[in-house]
Amino acid sequence: MYDGGKIITGLVIGVGLLLFPVFYNAGKAAKAPERVLTEKAKAAQKCVEPISFMKTEHMKMLDEWRQQVVRDDVRYYKSTSGKEYYKGLQTTCLDCHSNKSKFCDQCHDYVGVDPYCWDCHIEPKENQ
Amino acid sequence: MNFIFSIVLSSVVVLILVLIPWIGVGALKLDTLFGIIIPYIALFVFFAGIIGRVIGWARSPVPFRIPTTAGQQWSLPWIRRSPLENPKSTAGVVGRMIFEVLTFRSLFRNTKLQFRSGFRIGYEWEKWLWLFALAFHYSFLVVLIRHLRFFTEPIPGFVNLIEQLDGLMQTGVAPVEGFMLPSVMISGFVLLGAVTLLVLRRILIPQVNYVSLPGDYFPLFLITAIGLTGVLMRYVLKVDIVSVKELTMGLVTFRPSIPYEIGVLFYIHLFLVSVLIAYIPFSKITHMAGVFLSPTRNLSNNSRFVRHINPWSYPVPVHTYDEYEEEFRDKMIAVGLPVEKMPEEEAGSAEEEKE
Amino acid sequence: MAEKIMKPEEMANVNHTPPLLSGWMHRPVEIKSGIYCYPAKPASLEYVSFPHAREWSPMDEDWKLPPNWKEIILEGLRERLERFRSLKIFMDICVRCGACADKCHFFIGGGDPRNMPVLRAELLRSVYRKEFTTAGKLMGEIAGARELTVDVLKEWWYYFFQCTECRRCSLFCPYGIDTAEITIVARELLNLLGLNIDWIATPVANCYRTGNHLGIQPHAFKDMIDFFLDDIEDITGIRMEPSLNRKGAEILFVTPSGDVFADPGTYTCMGYIILFHYLQSLGFDLTWSTFASEGGNFGYFTSHEMAKRLNAKMYAEAKRLGVKWILGGECGHMWRVINQYMDTFNGPADFLEEPVSPITGTKFENAKTTKMVHITEFTADLIKNNKLKLDASRNDNLKVTFHDSCNPARAMGLLEEPRYIIRNTCNHFYEMPDNTIREQTFCCGSGAGLNAGENMELRLRGGLPRANAVKYVHEKFGVNMLSCVCAIDRAVFPALMEYWVPEVGVTGVHELVGNALILEGEKKRETNLRGEPLPGMEEEKDV
């Protein structure tokens, strides 16, 4: 007895499951979101640290800031560029990047990250 | 060839596999080769290989119905049967296979020989293999599902849900400032832990050590390397995952592109995964497909009431009753055993006797 | 028999740690006396037209192999890979997790690492890799591949005749890899070169010719039955009249010939005769056959083809006699063959009817197409329907435990039926520890054709786990009788018990039935079927 039908069915199901992303995304362009800067951010020209650093390490930096501010009362951050910044998500970061939905959420959603910043912080009201 | 040779060989091979993309991308800038061409080749090899393998198995028939029965058969109506351990129908087999594949039923049965001198042999509780195997396979599955976030857009709800559950533990800045950010994915560490335990068990249990081949250590080491590079990328030497997703989405939508600067660690991770994927069909990892085809598990014990056909059955020479009687007829008649054919003279005399 | 057998304490001193620093692949096989069985006599192989029959000795350097032996084996392996999905899968998917390693009775009792099921399979798998997989061809030993050499062949012969095909490893394997399946194929390959053992080949030839393994010819078979009838008459006062080769009977009874031949199987055989006599007045119409006088099938330990050739006799005889269905006696591998192979081998048995108990009217639906019922299924049904008058106190001198035979347990699932009968025929029944019974049962150590005399050390070692469990209940509950539903068990356990647990006897389940059954018009029974005084009768007998 071969049970060929059952095996082919199983194989199709198995391969189909493994190819799920291909079917799921079929026909979609699925381009990575563009980073949108506000006028103010553009004017500032540079962030706290270089962009490549900010891309990969911002979450780490924010967490450290929180720790230092809340626990140790250390309120200023000295950037590698030598400039000092006040450690504050709302007061510093969002001062330039007031467009949370475009600047934060877009990319976070794209890579499936759900940070808990806004559990405590108040979301900025964007003008749309 | 002993375990030391096997371990050294497997480690060296994995080390070389780490160095290849390191040099290839880090020094030679072969991003396209390692980011697009090799992953595609690996996927092709995997699918072609695994389909070929399964078809190869399927081409051989199952001539006899040989389930290993692990419980009471279906016989008299008042005897309680074990529908899952000794299935009589397809439904039972499906149940048995579900338990086998999802809970590793047979491994759960495992015992450990306790051979004490003085003629005292015991078979003791041994669930470690089962536990490690379960931890290993399930954490691997969770890791795999979590990675769908790089291969789907928009990300389906179940992927986010699994990620949230997996990241239930938020350590924040502990233990080292900023180390465990974003939230900790338990599965990754369980996977690495389970792999380590499986390696240790393979080395430390003498019987398992003795039968192990390089092909048993290699995948464990390879998976360790994959896990370590993944963990490193997530927690320590971070990469720009928006770019990573650009690359991976390019792969699954067949519009491959290499985004600007992802970081060599990612390419090492990707290359090791490619090697693993391509290695699967030609190694013992095919058990993931083979377990479904195992005739001692996927057949019902029904061959006394449903006829099973052997497709290559052929007629065989047999010793017939006639040949048998021919040889022993006189002796049979002498003791009064009935025969088919009375020899002519004796037939006459036998009748006379009767009269 | 081997000349000297070491003391139990010495034998039970086993080291289970393999020599870790030297791999197993190149360790030359050391063929030891006491472990191996004598090679097949040429006449026995020739009788069933097996190739390359010759005189040879495993202890000789030269096994007188045909010049193209390697081609024969590899071609045979290729053919079998195409025929058996089980083989292909089992060659490919083992992960060497080691769950099976300490499950084999030969490894437990002997400690030889190549008796770990995984390694036994690797003996064949390594050659498979070398010849049939790309990785093995390219990377050789690193991929676990090995050239097929004469030494490897010798190793195969030595170790595949150290497996009793009991399937205990298969139960624990996460993928159900069944060493029995691998051993069966390996033995088929060895048979292509005339490398069988005599304890299998001669019974096969006998069975082919005379209808049973022991070579009992029809007149002798009848004499033996008559001898039982005399004994039964002495014990019960009733002269019974079982029929042999009678056409037109409703049921054909087939049981292993071992029960006709040697104690304590003979008492089980007497139990059958008594039960059938008891039922006769209730309309039971059964015949024995001298042609189908073997339930067991040593062909199954040779090749699938030989198994089919020997098995054919059952249906052929049922057809010739014109019976409605077949009743099968207590036997182990016989029931694996009947349950998992017979209908496929030699069916469809469309000349038979679906078995129905003529006494209770119970339809044996689980035997619908094979049309063969296990005697414990049949008897359990009788007891459940109150058709048997039983006096269990006649077995009161016995403290009984039950050994599940490998094949009825793991290739059928016959677990409760015999227990139900034992509970109804004995007042003292004790189970051995959980990990040693039912589906986890241990082999007697002599199955699959290994119950020869010359391999006694192997048998005693293989039987150690079972004996150890018997010893446990013997010491804890005073168990003095090991019951079983297998003729090989009955043939080999006496020696095993005598060596490891001397105070325990061996019985078939239907011996217990024969003792307990109260017959119409019987005289007051003073002894059991063994001629030993019944409980309470000891003094009367002395008088």
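## A three-stranded sheet in chain C

In what order do the three strands of the open sheet with β6, β7 and β8 in chain C lie, and is their pairing parallel or antiparallel? The order is β6-β7-β8, and the pairing is parallel. Its edge strands are β6 (400-403) and β8 (505-508) of chain C, each of which has a partner on one side only. From one strand to the next, the twist averages 35°. Please keep in mind as you read that this is a predicted model.

Let's go through the pairings. β6(C) and β7(C) run parallel and are joined by four bridges. One residue pair to look for is C:His403 with its bridge partner C:Cys484 in β7(C). On the other side, strand β7 (residues 481-484) of chain C pairs with β8(C), also in the parallel sense and over four bridges. Here C:Ser483 has C:Thr507 in β8(C) as its bridge partner, while C:Cys484 is partnered by C:Gly508 in β8(C). Strands of a sheet pair through backbone hydrogen bonds, in either a parallel or an antiparallel way.

## What surrounds strand β7

In a regular strand, side chains alternate between the two faces of the sheet. For β7(C), C:Met481 and C:Ser483 point one way, C:Leu482 and C:Cys484 point the other way, and all are buried. Helix α23 (residues 509-516) of chain C packs on this sheet and touches both β7 and β8 of chain C. The direction of α23(C) makes about 80° with that of β8(C).

## A five-stranded sheet in chain C

Chain C also has an open sheet of five strands, in the order β1-β3-β2-β4-β5 and with parallel pairing. Its edges are formed by β1 (243-244) and β5 (372-374) of chain C, each pairing on one side only.

Strand β4 (residues 325-328) of chain C is a good place to look in detail. Strand β2 (residues 251-254) of chain C runs parallel to β4(C), and four bridges join the two. C:Phe253 has C:Leu327 in β4(C) as its bridge partner. Three bridges join β4(C) to β5(C), again in a parallel arrangement. Across this pairing, C:Leu327 stands opposite C:Val373 in β5(C), and C:Gly328 stands opposite C:His374 in β5(C). Both faces of β4(C) are covered: C:Trp325 and C:Leu327 are buried on one side, and C:Ile326 and C:Gly328 are buried on the other.

## How the chains meet

Which two chains share the most contacts? Of the two pairs of chains that touch, chains B and C have the most. Their contact takes 100 residues from chain C and 85 residues from chain B. On the side of chain C that touches chain B, helix α15 (residues 304-321) of chain C gives the largest share, seven residues. That side divides into 44 nonpolar, 25 polar and 31 charged residues.

Chain B also touches chain A, with 36 residues of chain B in contact with 29 residues of chain A. On the side of chain B, the elements giving two or more residues are α2 (31-59), α6 (157-166) and α10 (241-252) of chain B. The largest share, six residues, comes from α10(B). This side of chain B divides into 22 nonpolar, six polar and eight charged residues. As for chains A and C, no contact joins them, and their closest C-alpha atoms lie 9 Å apart.

## A helix with two faces in chain B

Helix α3 (residues 90-103) of chain B has 14 residues. From its first C-alpha to its last it reaches 19 Å, close to the 20 Å expected at 1.5 Å a residue. An α-helix has 3.6 residues a turn, so residues three or four places apart point the same way.

Which residues of α3(B) are buried? They are B:Gly92, B:Val93, B:Arg96 and B:Glu100. Seen down the axis of α3(B), these buried residues line one face of the helix, because they fall within an arc of 100°. Their cover includes α4 (105-108) of chain B. The face of α3(B) turned away from the buried side carries the exposed residues B:Ala91, B:Ile98, B:Leu102 and B:Thr103. Just after α3(B), B:Phe104 takes a positive phi of about 55°.

Methods: Residues numbered from 1 in each chain as written. Chains lettered and ligands numbered in written order. Predicted model: local features only at pLDDT ≥ 70, side-chain atom pairs only at ≥ 80, totals over all residues. Pairing = 2+ DSSP bridges. Axes fitted to C-alpha atoms, helices over the stretch in contact; angles between N-to-C directions. Contact = placed C-beta atoms within 7 Å. Nonpolar A, V, L, I, M, F, W, Y, C, P; charged D, E, K, R; others polar. Expected span 1.5 Å × (residues − 1). Buried ≥ 20, exposed ≤ 12 C-beta atoms within 10 Å, placed from the backbone. Arc of directions from axis to C-beta.
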